[in-house]
Amino acid sequence: MRTLSLPLALTARISPVVVLAAAGWALTSGPATTPAAEKESAPKSAGESPSSASTAAATKQYASAPAPCGSIGTATIKSLVPGAKTAGKEIPSTDTSLRRTCSWNALKGYDYRWLDVSFEITESDEAAAKSYKENTAEKSGGGSVPGVGDAGYSVVNLTTEDKQQTREGVVIIQASNALVTVTYNGSDFESKKAPSTDEINKGAIKAAKEAVAALESGQKV
């Protein structure tokens, strides 16, 4: 029997530890998340008009993050992450009203897939737009995702470690004062090849659209 090993970078993402007896692999978990800093809004001045107050309120549409593990449909999870538990695993957060993340991962045969969906609630549309610009600037080489939220961006990258390829797609969506980030990646441990760019990109965008729809249908300010 062949002994197959996961790339170090990929191994560092997977959790909790699951022993795969047939191949002798141990998978360890995804990154911990850090909640966004919540700031107090400035007090309303005595001369503030009802129209200006209305405008200020409109810049913060979402009060809290939705349950991330319920944001993606069962059929989509089964399609993107074959063999994964559809309930997902929520990553611990120190403030779930501001940031919540859910992960799904599975190794079916030799094919491995990982999906993360994260919601971050900021203090205003302006704060979310600033964070969106900073995050997308760090991930060059991608393109826009039209028709989802107020702004959308998608990028796919290929990495190779110990001759094993992994292709990862990241989609970032700004919707009012919320940021939705989807990470989707995959590897084939038999061929050592990665899924195609098209497969990973379309999968990440599909998950992002469902996550934004869940956000928009949830509780608002």
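**Exercise 1.** In the hairpin of β8 and β9, which residue takes a positive phi?

Solution. The model is predicted: local features need pLDDT of at least 70, side-chain atom pairs count only at pLDDT 80 or more, and totals for chains, interfaces and linings use all residues. Residues are numbered from 1 along each chain as its sequence is written, and side-chain values use heavy atoms, with hydrogens and water left out.

- Step 1. Helices (H or I, at least four residues) and strands (E, at least two) are DSSP runs, numbered from the N terminus.
- Step 2. Two residues lie between β8 and β9 in their hairpin.
- Step 3. The residue is S176, with phi near 55 degrees.

**Exercise 2.** Describe how strand β8 is paired and covered.

Solution.

- Step 1. Strands pair if DSSP finds at least two bridges between them.
- Step 2. With β7 (residues 151–161), β8 forms an antiparallel pair over 11 bridges. In the hairpin of these strands, D162 has a positive phi near 55 degrees.
- Step 3. With β9 (residues 178–188), β8 runs antiparallel and is joined by nine bridges.
- Step 4. Take V170 in β8: V155 stands opposite V170, and T183 is the bridge partner of V170 in β9.
- Step 5. Of the 12 residues in β8 (residues 164–175), 11 are buried, that is, under 20% relative accessible area with a 1.4 Å probe, protein chains only.

**Exercise 3.** Place β8 in the whole protein.

Solution.

- Step 1. The protein has five helices and nine strands.
- Step 2. From the N terminus, the order is α-β-β-α-α-β-β-β-α-β-β-β-β-α.
- Step 3. Of the 221 residues in the protein, 42% are buried.

Conventions
Buried < 20%, exposed > 50% of the residue type's maximum accessible area, 1.4 Å probe, protein only.
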